[in-house]
Amino acid sequence: MFHFSNLVRSKGDPKIITSGPSSLTAADRLARGLGWFSIALGTLELLAPHRVTHALGMQGREGLVRSYGVRELLAGVLTLSVEKKAGLWSRVAGDGLDMATLLSELRPSNPRAGTVMAALVMVGGITVLDYVCAQDVGAQHDAKRGRKRLYSDRSGFPRGIAAVKGAALPRPASSTAAT
Amino acid sequence: MKALVWHGKEDIRCDAVSDPEIEHERDAIIKVTSCAICGSDLHLFHNYIPAMMPGDIMGHETMGEVVEVGSGVNGKLKKGDRIVVPFTIICGECEQCRRGNFSVCETTNRNKHLAEKVFGHTTAGLFGYTHLTGGYPGGQAEYLRVPFADATHIKVPDGMSDEQALFLSDILPTGWQAAVQCDIEPNDTVAVWGCGPVGQMAIRSAILLGAKQVIAIDRIPERLAMAEAGGAITINFDRESVVERLNELTDNKGPEKCIDATGMESHVSAAQPDTLLDRAKQMFLLENDRPHVLREMIYVCRPGGILSIPGVYSGFSDKIPMGALMNKGLTIRTGQTHVNRWTDELVQRIEDGQLDPSFVITHSVALERGPDMYRVFRDKQDSCVKVVMKP
């Protein structure tokens, strides 16, 4: 199997032959995909809000779309970070805001009402995906998973603390880096 | 062979890789019998340490049996020897090595030019770490090539188990050096932030070095219980104010000696608002580290005291209270561990039964479970404190 990184290894260094199972779970990978989706959508909304407002019959609300773009970018960065759970929940909240905005545009006078309806269905689907992913990520990375044990019997001192307290005194003559 | 390979943020895989080969006459190859996941591996896992590359083999706490020796090892090792591999690769000959400053060996970093650009000067080559420190393949693998093997090894005394010897590679001398750097005196209070494996070793070291009281600070109950078992008074920072409690335990004078065994990834919580700001800045690449512990140590340490920092910091840290640091006349001591400087003394203490570092092991698994165990260790699931893997 070709791996680009093998090209930069020195002669005696091991090189990848085949890749095995990863520490990333399916939920982690989905979160990563949703994070990049946020970044892409946020970039579009921030840089080309007219395209969005035109498609949805929302002309004049470019400022709102731009602010949603900033929100998407922040949610994307958070979702791609180690704190992906917080990022995913922020996406769920953002989905709610998107749906409320779209619902307000779902009026008979809007010539693009059909597109708005399609967008609502899409956002609904993504909301479900965000919610399920947030739940899965939260469950998989929950510190409460597994057995709970205390280690009150693990002193590390086979002879007991009293027997060894101060055993290393006097200290070695050279206790700090030589200069 | 099998090895745990870094592929990117939070993506460690158990890959099939080619076997390592002798590259230089001073190299040796060991068959790994035990290796461990270190807290600093999590900084790599989170991609906080710059200059990692996909395909890098993880691991710098390793021991095993010598299976091949280069011609320049000059009889210092032979096939069949059991050795622990210090995480710092040392030549044993340069000016720094001769002074015992092994972690800043001038010879072994094969990417010196990078280190000189970033740090100003080169530091030692490290196993399974960033390419700034040589990008040497690590020991979470079935086999490991040990460069400069004639100097970079610790022979395991007969009768000492893997579990007792393995941590001579890093966390035991790191905790020990952290405590020794404090110049502990019999009336001193030593406060240790972070009860992970290095914090646990620092607590035991401070006890051996005769501190009047050792105070351990964390939020994970099982880690606090382990710290208490080692002789520490504990502070759960989720439940009580660290500053108030430390002052209460020291007649409002503060601890004379403070050890930061947490480093760049301080716990983020609304109760510590500076950590929220640090985390946000870290996310947007405006700051590398979250130095909450460092700030708290400077604030609470007794004037004239010593701050010892074994915790890893990666780059730039903001809002360090330099005014308090300077006016209180605090001394900071830090650095990667000069492992071999402490080896003889620590081996002796283990053999004498003063200390058994295996107390910290909570999980012992096959290498193939490594990717899962990175998650378990990071998420502090299953009461995980230290993972040892058997290839």
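# Briefing: the contact between chains A and B

The contact draws 61 residues from chain B and 54 residues from chain A. The model is a predicted one. Strand S1 (residues 16-18) of chain A is joined to strand S2 (11-17) of chain B. The two chains also differ in build: chain B agrees with the globule rule for its 391 residues, whereas chain A is more spread out than a compact globule.

**The side of chain B that touches chain A**

- Of the elements in chain B, five give two or more residues to the side that touches chain A: strands S1 (2-8) and S2 (11-17), together with helices H6 (197-208), H7 (221-229) and H13 (370-378).
- S2(B) supplies the largest share of this side, namely seven residues.
- Sorted by class, the side of chain B that touches chain A holds 26 nonpolar, 21 charged and 14 polar residues.

**Strand pairing across the chains**

- S1 (residues 16-18) of chain A and S2(B) run antiparallel and are joined by two bridges.
- Within this pairing, Ala16(B) of S2(B) is the residue opposite Thr18(A).

**Chain A: overall build**

- Chain A contains one strand and six helices, and its elements follow the pattern β-α-α-α-α-α-α along the sequence.
- The globule rule gives 16 Å for 179 residues, but the radius of gyration of chain A is 27 Å, well over that value; chain A is therefore more spread out than a compact globule.
- The C-alpha trace of chain A spans about 85 × 45 × 40 Å along its principal axes.
- Of the 179 residues in chain A, 30% are buried.
- Where contacts in chain A link residues at least 6 apart in sequence, 61% of them join residues at least 24 apart.

**Helix H2 of chain A**

- Helix H2 (residues 49-56) of chain A has buried residues at Pro49(A), Val52(A), Thr53(A) and Leu56(A).
- These buried residues line one face of H2(A), because their directions, viewed down the helix axis, fall within an arc of 95 degrees.
- An α-helix has 3.6 residues a turn, so residues three or four places apart point the same way.
- The cover over the buried residues of H2(A) includes four helices of chain A: H1 (26-47), H3 (62-80), H4 (84-105) and H5 (113-140).
- Gly57(A) follows H2(A) and has a positive phi, near 65 degrees.

**Chain B: overall build**

- Chain B comprises 18 strands and 13 helices.
- A compact globule of 391 residues would have a radius of gyration near 21 Å, and the 20 Å of chain B agrees with this.
- Along the principal axes, the C-alpha trace of chain B extends over about 60 × 50 × 45 Å.
- In chain B, 60% of the 391 residues are buried.
- Among contacts in chain B with a separation of 6 or more, 72% come from residues 24 or more positions apart.

**Domains of chain B**

- The domain assignment divides chain B into domain 1 (2-170 + 337-390) and domain 2 (172-334).
- The centres of domain 1 and domain 2 of chain B, taken over C-alpha atoms, are separated by 25 Å.
- Contact between the domains of chain B involves 21 residues of domain 1 and 21 residues of domain 2.
- On the side of domain 1 of chain B that touches domain 2, the elements giving two or more residues are helix H1 (39-45) and helix H12 (339-351) of chain B.
- That side of domain 1 of chain B is made up of eleven nonpolar, seven polar and three charged residues.

Definitions and conventions:
Residues are numbered from 1 along each chain as its sequence is written. Chains are lettered from A and ligands numbered from 1 in the order in which they are written. This is a predicted model: local features need pLDDT of at least 70, side-chain atom pairs count only at pLDDT 80 or more; totals for chains, interfaces and linings use all residues. A residue is buried if 20 or more other C-beta atoms lie within 10 Å of its own, exposed if 12 or fewer, and partly exposed in between; C-beta atoms are placed from the backbone. The arc is that of the directions from the helix axis to the C-beta atoms. Two residues are in contact if their C-beta atoms, placed from the backbone, lie within 7 Å. Ala, Val, Leu, Ile, Met, Phe, Trp, Tyr, Cys and Pro count as nonpolar, Asp, Glu, Lys and Arg as charged, and the others, Gly among them, as polar. Two strands pair if DSSP finds at least two bridges between them. The radius of gyration is taken over C-alpha atoms; the globule rule is 2.2 Å times the number of residues to the power 0.38. Domain bounds come from an automatic or database domain assignment.
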